[in-house]
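Me: Please take a close look at one part of this model, the largest pocket, and at the residues around it. I would like a connected account rather than a list.

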Amino acid sequence: MPHYASQPDLALLNAPLTALTALNGAAGTLADALPVAGLHLSVDPAAHTEVSWSSPAGRLIDLTSTVTTPGRWCALRLTLDLPDLGKIAGLGLWLRSAADPALVTRACLRSGTDDGHVDCYFEREILSHAATSDHHAVIMMDRTPDLPIKAPWREFLLLLPPYRSANLALHAMRLFTVPA
């Protein structure tokens with residue numbers, strides 16, 4: 001794992017998102033792995049939820065979930081190489097999305113610990129509606145006391161509602177750091 005002299009390399013941090021956007025026409029279901037290392041779809045195994053995805057030209061990913069039996073979670077997960085957050089003031093998210101009907105999603109930074117993991121949520125929920133719109137959210141270190149500065153592993157999670165069916169078009173998404 002690389003160690004950062006100052007700030008994490010944002011190109012590397014977002015590489016799986018860039019790679020998926022470059023795949024024109026890739027498609028599959030939850031049973032199929034996304035064709036990019038470091039990017040995964042997952043659903044609570046207790047739920048009965050079907051998920052299909054596609055990566056049309058010019059978009060990151062379109063997700064459709066059909067919920068028959070609600071679960072506790074449904075997520076698009078991005079593995080992050082951010083073992084040490086000590087040199088940044090925060091982690092930010094920008095995304096462009098659309099959903100019809102309207103949909104509220106949440107974003108979370110999951111950090112590994114000795115006995116499991118800690119989830120820290122971005123400060124704003126994301127409202128996607130029929131018109132494509134941009135969203136920004138951040139996690140600031142000084143306002144998130146539960147966030148471990150050092151962790152053996154981290155993931156970014158975009159959480160879809162696990163209790164109802166949804167259609168979400170993610171046109172683009174990027175993570176960025178807030179300098180200390």
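Reply: The largest pocket of this predicted model has a volume of about 250 Å³. Its lining is made up of 17 residues, and those nearest the centre are Arg72, Trp73, Tyr121, Leu157 and Leu159. Strand 5 (74-80), strand 7 (103-113), strand 8 and strand 11 are the elements that each give two or more residues to this lining. Strand 7 supplies the largest share, 4 residues.

Tyr121, one of the residues nearest the pocket centre, has a charged partner. The charged end of Arg106 sits over the Tyr121 ring, 4.2 Å from the ring centre.

Next in sequence comes the loop between strand 8 (116-121) and strand 9 (126-128), where Phe122 is found; its aromatic partner, Phe156, is in strand 11, and the two are 34 residues apart, so that the pair links distant parts of the chain. A search of the whole structure finds 1 aromatic pair, and Phe122 and Phe156 form it: the geometry is edge-to-face, with 5.8 Å centre to centre and 80 degrees between the planes. Both rings belong to buried residues. Phe122 counts as buried because its relative accessibility is 4%, under the cut-off of 20%. Phe156 counts as buried for the corresponding reason, at 1% relative accessibility.

The two phenylalanines also have a place in the largest nonpolar core. This core has 43 residues, and Phe122 and Phe156 are among the five that touch the most other members, together with Ile61, Leu76 and Leu93. For Ile61, with residues up to four places away in sequence left out, the residues touched are Leu20, Leu34, Trp53, Ser54, Ser55, Leu76, Leu168, Ala169 and Leu170. Leu76 thus appears in the contact list of Ile61 and in the group that touches the most other core members.

Two loops next to the pocket-lining strands deserve a note. Thr144 lies in the loop between strand 10 (133-140) and strand 11 (154-160). With 15% relative accessibility, Thr144 counts as buried, and beyond its neighbours within four places in sequence it is in contact with Cys120 and Ile139. The other loop runs between strand 6 (88-99) and strand 7, and Pro101 is found there. The peptide bond that joins Asp100 and Pro101 is cis, with omega at about 5 degrees. Most peptide bonds are trans.

Methods: Residues numbered from 1 in each chain as written. Predicted model: local features only at pLDDT ≥ 70, side-chain atom pairs only at ≥ 80, totals over all residues. Heavy atoms only, no water. Buried < 20%, exposed > 50% of the residue type's maximum accessible area, 1.4 Å probe, protein only. Contact = heavy atoms within 4.5 Å. Phe/Tyr/Trp six-rings, centres within 6.5 Å; stacked < 30°, edge-to-face > 60°. Lys NZ or Arg CZ within 6 Å of the ring centre and 35° of its normal. Core = buried A, V, L, I, M, F, W, Y, C linked by side-chain atoms within 4.5 Å. 1 Å grid on protein atoms, 1.4 Å probe; cavity = no way out; pocket = protein on both sides within 12 Å on 5 of 7 lines; lining within 4 Å. Points joined across faces, edges and corners; volume = space filled by probe spheres on them.
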